[in-house]
Amino acid sequence: MKRKRVVVDTSVIVSAVLGNPKAAPAKILKHMFAGKFEAYSSNEAMKELYDVLFSKKILKLLGGNAEIAILTYLFVNSSVVLVSPKKQVLLCRDPKDDKFLEIAYEAKAEYIVTLDNDLLDLRDENKEVQIYGHRIKILRPEEFLEII
């Protein structure tokens, strides 16, 4: 069976690191590391992840434990297929989130998994958004866990 193509946004990864290890975001990360789905990202999204993980706010929440941030970044970086989006997407009310739509379009991903309301609000009644004719489901972590 073909593995699902998925974009996991920064909010889910950070929530997995900071939250309950039994919560949906942490389970998404465990499935990603185990190769249960094909995860996609871009250099721009990985830079955002790096900047967020190593921000003063997150490092303080981690109790100054930079090793957790380093390991998370390295694990994510080694688990994703990097793509270089060629088409610009301008759909999100927060322009910084358009990069996840661009990654999903470039990778022909079926899913974006996010906790970000700016992305979640783009969904239609089928929890999808259409980009240049390609339909992508935008799901919360718990919704995606029901599928995999």
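Which elements each supply at least two residues of the lining of the largest cavity? The answer is helix 1, strand 2 (38–41) and helix 3, and this report on a predicted model starts from that enclosed space before turning to the open pocket, the surface and the salt bridges.

## The cavity

The structure holds one cavity of 30 Å³ or more, and about 80 Å³ of space lies in the largest cavity. Of the 14 residues that line the largest cavity, those closest to its centre are Val-8, Ile-13, Ser-41, Met-46 and Val-76. Sorted by character, the residues of this lining divide into 11 nonpolar, two polar and one charged.

## The largest pocket

The largest pocket contains about 230 Å³ of space. Its lining is made up of Asp-9, Thr-10, Ser-11, Val-14, Glu-48, Val-52, Ile-58, Asp-94, Lys-96, Asp-97, Phe-100 and Asp-116. Two elements, helix 1 (10–18) and helix 3 (43–53), give two or more residues to the lining of this pocket, and the largest share, three residues, comes from helix 1.

The character of the pocket lining can be set beside that of the cavity lining. In the largest pocket the lining residues divide into four nonpolar, two polar and six charged, whereas in the largest cavity the division is 11 nonpolar, two polar and one charged.

## A nonpolar patch on the surface

On the surface, Phe-33, Ile-70, Leu-71, Leu-74 and Phe-75 form a nonpolar patch, and together these residues have about 460 Å² of accessible area. The element that gives the most to the patch is helix 5 (residues 66–79), with four residues.

One of the patch residues, Ile-70, lies in helix 5 and is partly exposed, with a relative accessible area of 39%. Ser-79 also lies in helix 5, and with a relative accessible area of 22% Ser-79 too is partly exposed. As a guide to the spacing of parts of the chain, the C-alpha atoms of Ile-70 and Phe-100 are 30 residues apart along the chain and are separated by 22 Å. The C-alpha atoms of Ser-79 and Lys-108, which are 29 residues apart along the chain, are separated by 18 Å.

## Helix 6 and its salt bridge to helix 3

Helix 6 (residues 98–107) is mostly covered, since nine of its 10 residues are buried. Among the buried residues of helix 6 are Lys-99, Phe-100, Leu-101, Ile-103 and Tyr-105, and Phe-100 also belongs to the lining of the largest pocket.

Lys-99 is a charged residue that counts as buried because its relative accessibility is 7%, which falls under the 20% cut-off. Lys-99 forms a salt bridge with Glu-48, the closest N and O atoms being 2.9 Å apart. This pair links distant parts of the chain, for Glu-48 is in helix 3 and Lys-99 in helix 6, 51 residues apart. Glu-48 is in addition one of the residues that line the largest pocket.

## A network of salt bridges

The count of salt bridges in the model comes to 13. Arg-123, Lys-127, Arg-140 and Glu-143 are linked in a network of salt bridges. Within this group, the side chains of Glu-143 and Arg-123 meet in a salt bridge of 2.7 Å, N to O. That pair links distant parts of the chain, with Glu-143 in helix 8 (residues 141–145) and Arg-123 in the loop between helix 7 and strand 5, 20 residues apart. The side chains of Arg-140 and Glu-143 also meet in a salt bridge, here with an N to O distance of 3.8 Å.

The members of the network can also be described by their cover. Glu-143 counts as buried at 14% relative accessibility, while Arg-140 is partly exposed, with a relative accessible area of 29%, and Lys-127 counts as partly exposed at 33% relative accessibility.

## Residues with a positive phi

Most residues other than glycine have a negative phi. Lys-127, although not a glycine, has a positive phi of about 65 degrees, and this residue is found in the loop between helix 7 (117–120) and strand 5 (128–131). Tyr-132, another residue other than glycine, has a positive phi near 50 degrees; Tyr-132 is found in the loop between strand 5 and strand 6 (134–139) and counts as partly exposed at 48% relative accessibility. Just after helix 6, Lys-108 takes a positive phi of about 55 degrees.

Note on methods: Residues are numbered from 1 along each chain as its sequence is written. This is a predicted model: local features need pLDDT of at least 70, side-chain atom pairs count only at pLDDT 80 or more; totals for chains, interfaces and linings use all residues. Side-chain values use heavy atoms; hydrogens and water are left out. On a 1 Å grid over the protein atoms alone, a cavity is a set of points where a 1.4 Å probe fits but cannot get out, and a pocket is an open set with protein on both sides within 12 Å along at least five of seven lines; lining residues have an atom within 4 Å of a point. Grid points are joined across faces, edges and corners, and a volume is the space filled by probe spheres set on the points. Patches are made of residues with over 30% relative accessible area and no salt bridge: like charges are joined within 9 Å, nonpolar side chains (Val, Leu, Ile, Met, Phe, Trp, Tyr) within 5 Å. Accessible areas come from the Shrake-Rupley method with a 1.4 Å probe; for residues, only the protein chains shown count as cover. A salt bridge is a side-chain nitrogen of Lys or Arg within 4 Å of a carboxyl oxygen of Asp or Glu. Buried means under 20% relative accessible area, exposed over 50%, partly exposed in between (1.4 Å probe, protein chains only).
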